[in-house]
Amino acid sequence: MKLKALMPVAVLALSATACGYSIQTATDYDRTVNFGGYHTFFIMKGNSSGNALLDQRATEDVRRALTSKGWAEVPEGKGRAAVVVHAASKTQHVYETFYDGWGGWRWVGMGRSTTYVQDYKVGTVVVDIFDAHTKQAIWHGFATDALSDNAKDNTEATEQAIRKMFHEFPPEILAR
């Protein structure tokens with residue numbers, strides 16, 4: 001009789017955690033950066049998955065993750081960190097160009113440029129954080145299998161993937 005009573009609880013527990021087992025996350029960061037100096041951020045538009053709602057959910061989940069860590073969102077260009085959120089629901093080739101010359105992020109002027117090419121797999125959310133002043137990458141995180149064709153699953157999976165990605169954020173603050 002006790003077994004019958006425990007069966008629904010076990011099924012519920014397994015179904016609630018099943019999604020989490022397939023989501024894989026990884027992060028990397030610049031070990032020379034003191035993350036204690038970063039408390040403000042702004043979000044810049046990244047590559048779209050082709051689904052505007054999915055892109056908005058992923059961005060909102062990142063926003064929530066950062067604010068839960070004590071960071072404050074400010075208008076674009078005013079923060080210490082620039083955050084770029086990419087979402088891909090199919091394999092995509094992404095080309096990101098950053099300009100080291102005059103004008104900053106978007107204006108192509110004199111100076112050097114660096115283009116990065118990266119392939120994103122199905123269901124991937126990628127978050128890159130840059131120092132807004134130097135335009136140097138300071139943190140990179142990604143989650144695979146975080147998106148699906150099912151809207152209900154997307155909401156839960158994306159939220160769980162971002163939470164998992166930012167679990168140990170910010171990296172340990174360096175002593176200076």
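Visitor: What is the mean pLDDT of the chain, and what share of its residues reach 70 or more?
Guide: The mean pLDDT (the predictor's confidence in each residue, from 0 to 100) is 77, and 64% of the residues reach 70 or more. This is a predicted model, in which local features need pLDDT of at least 70 and side-chain atom pairs count only at 80 or more, while totals for chains, interfaces and linings use all residues. Residues are numbered from 1 along each chain as its sequence is written, and side-chain values use heavy atoms, with hydrogens and water left out.

Visitor: Where is confidence lowest, and where is it highest?
Guide: The lowest mean, 42, belongs to helix 1 (residues 2-22), and the highest, 98, to strand 3 (residues 72-73). Residues 1-21 have a pLDDT below 50, and beyond near neighbours in sequence this stretch has four contacts (heavy atoms within 4.5 Å) in the model.

Visitor: How many helices and strands does the chain have?
Guide: There are three helices and eight strands. These are DSSP runs numbered from the N terminus: H or I over at least four residues for a helix, E over at least two for a strand. From the N terminus on, the order is α-β-β-α-β-β-β-β-β-β-α.

Visitor: Which strands form the open sheet, and why is one side of strand 1 and of strand 3 left without a neighbour?
Guide: Two strands pair if DSSP finds at least two bridges between them. Six strands form the sheet in the order 1-8-7-4-2-3, with mixed pairing. Strand 1 (24-29) and strand 3 stand at the edges with a single partner strand each, so one side of each lacks a neighbour in the sheet.

Visitor: What makes strand 4 and strand 7 a pair?
Guide: Strand 4 (residues 81-88) and strand 7 (residues 124-131) run antiparallel and are joined by eight bridges; the requirement of at least two is therefore met. In this pair, Val83 stands opposite Ile129 of strand 7. Helix 2 (residues 52-68) lies across strand 2 (40-45), strand 3, strand 4 and strand 7, running at about 145° to strand 4. That angle is taken between N-to-C directions, from 0 to 180 degrees, of lines fitted to C-alpha atoms, for helices over the stretch in contact.

Visitor: Why is the link between Glu60 and Arg63 called a salt bridge?
Guide: The term requires a side-chain nitrogen of Lys or Arg within 4 Å of a carboxyl oxygen of Asp or Glu. The closest N and O atoms of Glu60 and Arg63 are 2.8 Å apart, so the pair qualifies. These residues are three apart in helix 2, which means about one helical turn between them. By this rule the count comes to seven salt bridges.

Visitor: How do you know whether Asp61 and Arg64 are buried or exposed?
Guide: Relative accessible area decides: buried is under 20%, exposed over 50%, and partly exposed in between (1.4 Å probe, protein chains only). Asp61, at 8%, is buried, whereas Arg64, at 43%, is partly exposed. Their side chains meet in a salt bridge of 2.4 Å, N to O.

Visitor: Which parts does the salt bridge between Asp131 and Arg80 tie together?
Guide: The closest N and O atoms of Asp131 and Arg80 are 3.7 Å apart. Asp131 lies in strand 7 and Arg80 in the loop between strand 3 and strand 4, so the pair ties together parts 51 residues apart in sequence. Asp131 is buried at 6%, and Arg80 is partly exposed at 37%. Elsewhere, salt bridges that share partners join Glu60, Asp61, Arg63, Arg64 and Glu73 into one network.
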